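Please open the model in your viewer and keep the selection tool at hand. The tour moves from stop to stop, saying at each one what to select and what can be found there.

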Amino acid sequence: MYHILVVDDESRIRAIIRKYAEFEGHTVSEATDGMDAVYQCREKTFDMIIMDIMMPELDGFSACREIRKITQTPIIMLSARGEEYDKINGFELGIDDYVVKPFSPKELMLRVEAVMKRVGRSTEQKDRPQNQIVELDGGGLRADLTARIVYIDGQRVDMSPKEYDLFFYMLENRNIALSREKLISEVWGYDFFGDARTLDTHIKLLRKSLGRYSSYIVTLRGMGYRFEEVK
């Protein structure tokens, strides 16, 4: 079971999440604002962080930015707003899932399990026996799949964990048409409970990270995407 840090300025929300998390056998710690959350992450180790965006002292986005300097603990963000901008901002900061209020506590617990399974699978993917390096465009785009490092024109590119997962899967299956369902099941897992638009959001982020190589990700209308080297 997991040690979960629940961060929300509403005691009612914290109580609901605690009730369901403890029912599932998890241990729960609470923080009333982002500053408290950052402090606790400096002092303790958590398996999962569930954090609201709109909070006093330090909002969720700012807290996430500070927490990512300390740890890569999975973060599920809660928000009363469902705008794409907020989701993109969160994913760029490295969150693992985004849940819009009001939410089902039972579904939230399922999301916790899904994220933890994905994190475990990502860790296993890092342990490949030998370096796997892919170079395209004469080395202009270089990816070390084992070390999870990407270089564009010799400059290292930083991506969120899920961007790496998506990019490396598409790279390993380049020139193959990949349906949206296939990408979601392989990168997020069959137990993914999020909105299918999460894939499109990450594709946008990945294209941004790839810069001049963004055109290598080809949209297949009504089907999905394909990664191919554009001549």
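Helices and strands are named here from DSSP runs, a helix being a run of H or I with at least four residues and a strand a run of E with at least two, and both are numbered from the N terminus. This is a predicted model, in which local features need pLDDT of at least 70 and side-chain atom pairs count only at pLDDT 80 or more, while totals for chains, interfaces and linings use all residues. Residues are numbered from 1 along each chain as its sequence is written, and side-chain values use heavy atoms, with hydrogens and water left out.

**Stop one: strand 4**

Select Ser-79, which has its place in strand 4 (residues 75-79). Is Ser-79 buried or exposed? With a relative accessibility of 1%, Ser-79 counts as buried, a word that means under 20% relative accessible area, whereas exposed means over 50% and partly exposed lies in between (1.4 Å probe, protein chains only).

Now show the neighbours of Ser-79, taking a contact to mean heavy atoms within 4.5 Å. Leaving aside residues up to four places away in sequence, Ser-79 touches Asp-52, Ile-53, Tyr-98, Val-99, Val-100 and Lys-101. The side chains of Ser-79 and Tyr-98 also make a polar contact at 3.3 Å; such a contact is a pair of N or O atoms within 3.5 Å, where within protein one must be able to donate a hydrogen and the other to accept it, and residues adjacent in sequence count only if both atoms are side-chain atoms.

Widen the selection to the whole of strand 4, where five of the five residues are buried, so the strand is largely enclosed by the rest of the structure. Ile-75, Met-77 and Ser-79 point one way from the strand, and Ile-76 and Leu-78 point the other way.

Add strand 3 (residues 48-52), which pairs with strand 4 in the parallel sense over four bridges; two strands are said to pair if DSSP finds at least two bridges between them. Within this pairing, Ile-50 stands opposite Ile-76.

**Stop two: unusual backbone angles**

Most residues other than glycine have a negative phi, and most peptide bonds are trans. With that in mind, select Glu-57 in the loop between strand 3 and helix 3 (60-67), where its phi is positive, about 70 degrees, although it is not a glycine. Glu-57 is exposed, with a relative accessible area of 60%.

Move next to Pro-102, which is found in the loop between strand 5 (97-100) and helix 5 (105-126). The peptide bond that leads from Lys-101 to Pro-102 is cis, with omega near -5 degrees.

**Stop three: two hairpins**

Select strand 6 (residues 133-136) and strand 7 (residues 141-144), which run antiparallel and are joined by four bridges, with Glu-135 opposite Arg-142. These two strands form a hairpin with four residues between them, and Asp-137 in the turn has a positive phi of about 55 degrees. At 35% relative accessibility, Asp-137 counts as partly exposed.

Strand 7 is also joined by four bridges to strand 8 (residues 149-152), again running antiparallel, and here Arg-142 stands opposite Tyr-151. This second hairpin likewise has four residues between its strands, with Arg-148 in the turn showing a positive phi of about 60 degrees.

**Stop four: aromatic rings**

How many aromatic pairs does a search of the whole structure find? The search finds five, counting rings of Phe, Tyr and Trp (its six-membered ring) as a pair if their centres lie within 6.5 Å, and calling them stacked if the planes are under 30 degrees apart, edge-to-face if over 60 and tilted for the rest. Select Tyr-164 and Phe-168, a tilted pair at 5.8 Å centre to centre with 35 degrees between the planes. Because they are four residues apart in helix 6 (residues 161-172), these two are separated by about one helical turn.

The rings of Tyr-213 and Tyr-216 have centres 5.2 Å apart and planes at 75 degrees, so this pair is edge-to-face. Tyr-213 and Tyr-216 are both buried. To finish the stop, select the one aromatic cluster formed by Tyr-164, Phe-167, Phe-168, Tyr-213, Tyr-216 and Phe-227.

**Last stop: confidence**

Colour the model by pLDDT, the predictor's confidence in each residue, from 0 to 100. The protein has a mean pLDDT of 87, and 92% of its residues reach 70 or more, but over residues 126-130 the pLDDT is below 50. Where pLDDT is low, the predicted coordinates should not be read in detail.
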